[in-house]
Amino acid sequence: MSINNTISIIVPAHNEEKSIYTTITNLHKVMGQTEYTYEIIAVNDGSTDNTYEELQKADAQVIHNNYNLGYGASLKLGIRHSNFDTIVITDADGTYPEEEILKLLDNYFIYNCDMVVGARTGENVNIPLIRKPAKWCLTTLAKYLTRIDIPDLNSGLRVMKKTSVIPFFNVISPGFSFTTTVTLALHCNDYLVRYIPINYLKRQGKSKIKPVRDTIDFFQKIFRIVMYFKPLKIFAPIALIPGFFGLVFLIRDLIKMNLAQTSILMLLTSFMILSIGLLADLIDKRLVIITNIEK
Ligand SMILES: Nc1nc2c(ncn2[C@@H]2O[C@H](COP(=O)(O)OP(=O)(O)O)[C@@H](O)[C@H]2O)c(=O)[nH]1
Ligand SMILES: [Mg+2]
């Protein structure tokens, strides 16, 4: 059996009684027509409806939590339990057309990618309007950090190489920011990621996202990723502000021949902020070297 032929599909589910059975059946329909050997692992995460009963009828391995771990934590659990190195993740709410997985897998194997993301930029995309401002802010921030135009930061349909993502599990979010943080972690560390346009259908049942809580969570997690991988992208611009004013005041003081405390304090503040950034950057570089040696 070729290693390129084996796929683990992970489906996180929390109260998806309306669509979990159809999702698993559709996955079999699509994958059954291919040469791939595959397993489907559904992570039923503290559902209080009939998701468990529906999963009993479906043909899938089930990881069943009595309590709610969260979207990202469930994906990590599923990935750790999986048997193969090629991981596909998709949602259980009927939004991602299952046949799109084949396009992603083709690209993944042809280009030997670390991750292929189904970008929701196809002809038929149903993203609620209310989410667009937060999505725009996050994408702009992500572009600043990675210098890459990321067409879809948090799509839930993607193919990933298990060995590429597991080393980042400690910084990848256990909540909904799993997808955002895995994207940033791979880009910040120069892994090969491709985006393929896909369609995105209207959801069945209610979304589990809580807009305020989850947007705050997104920003917190992005900040943490930056601190881990690109600390100078945050510290350098912050240091620039007191540095700039310190210099302006210093020139003014020198012209007046009267050195005041303000300019010195500002320059010192700028220097201290920059030093912390450099220290964080140094720690990050050393961690990368250690990780590479351990590999
Ligand atoms: N395991 C697990 N899955 C979850 C949880 N919350 C949502 N999901 C699943 O994650 C997928 C995406 O959730 P959804 O509410 O549709 O988020 P949205 O697509 O961003 O609106 C669906 O398959 C949900 O069932 C959770 O707490 N745990
Ligand atoms: Mg959804």
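Among contacts in the protein that join residues at least 6 apart in sequence, 78% link residues at least 24 apart. The model in which these contacts were computed is predicted. Its secondary structure comprises ten helices and seven strands, and the C-alpha trace spans about 85 × 40 × 40 Å along its principal axes. Of the 295 residues in the protein, 38% are buried.

Helix H7, formed by residues 178-188, is mostly covered, eleven of its eleven residues being buried. The buried residues of H7 are Phe178, Thr179, Thr180, Thr181, Val182, Thr183, Leu184, Ala185, Leu186, His187 and Cys188. The elements that cover them include three helices, H3, H5 (132-146) and H6 (162-165), together with strands E5 (115-119) and E7 (193-197) and a further helix, H8. Beyond the end of H7 lies Asp190, which has a positive phi near 60°.

Two of the helices covering H7 were examined with respect to their packing geometry. Helix H8 (residues 211-229) packs against H7 at an angle of about 20°, and the axes of the two helices are 10 Å apart. H7 is therefore roughly parallel to H8, since angles under 35 degrees count as roughly parallel. The crossing of H7 past H8 is right-handed. On the side of H7, the residues that meet H8 are Thr180, Thr181, Leu184, Ala185 and Cys188, and their counterparts in H8 are Phe218, Lys221, Ile222, Ile225 and Phe229. Classified by residue type, this contact of H7 with H8 contains seven nonpolar, two polar and one charged residues.

The packing of H5 with H7 was considered next. The axes of H5 and H7 come within 10 Å and cross at roughly 20°. This angle makes H5 roughly parallel to H7, and H5 passes H7 in a right-handed crossing. The contact involves Leu138, Ala142, Leu145 and Thr146 of H5, which face Thr180, Leu184, His187 and Cys188 of H7. By class, five nonpolar and three polar residues take part in the contact of H5 with H7, with no charged residues. Thr180, Leu184 and Cys188 of H7 thus take part in the contact with H8 and also in the contact with H5.

The surroundings of ligand 1 were then analysed. Around ligand 1 there are 18 residues, of which Pro12, His14, Asp45, Ser74 and Lys208 come nearest. At least two residues of this shell are supplied by each of strand E1 (6-13), strand E2 (37-45) and helix H3 (71-81). By class, the shell around ligand 1 divides into six nonpolar, six polar and six charged residues. Helix H3, a contributor to the shell, is also among the elements that cover the buried residues of H7.

A further site concerns Phe235, which is placed in helix H9 (residues 232-256). Phe235 has 21 other C-beta atoms within 10 Å and is therefore buried, the criterion being 20 or more. When neighbours within four places in sequence are left aside, Phe235 is in contact with Ile273, Leu274, Ile276, Gly277 and Ala280. In addition, the C-alpha atom of Phe235 is separated by 8.8 Å from that of Ser275, a residue 40 positions away along the chain.

Notes
Residues are numbered from 1 along each chain as its sequence is written. Chains are lettered from A and ligands numbered from 1 in the order in which they are written. This is a predicted model: local features need pLDDT of at least 70, side-chain atom pairs count only at pLDDT 80 or more; totals for chains, interfaces and linings use all residues. Axes are lines fitted to C-alpha atoms, for helices over the stretch in contact, and angles run from 0 to 180 degrees between N-to-C directions. Helices (H or I, at least four residues) and strands (E, at least two) are DSSP runs, numbered from the N terminus. Angles under 35 degrees count as roughly parallel, over 145 as roughly antiparallel, 65 to 115 as roughly perpendicular and the rest as oblique. A crossing is left-handed if the near helix is turned anticlockwise from the far one by less than a right angle, and right-handed if clockwise. Two residues are in contact if their C-beta atoms, placed from the backbone, lie within 7 Å. Ala, Val, Leu, Ile, Met, Phe, Trp, Tyr, Cys and Pro count as nonpolar, Asp, Glu, Lys and Arg as charged, and the others, Gly among them, as polar. A residue is near a molecule or strand if its C-beta atom, placed from the backbone, lies within 6 Å of it. A residue is buried if 20 or more other C-beta atoms lie within 10 Å of its own, exposed if 12 or fewer, and partly exposed in between; C-beta atoms are placed from the backbone.
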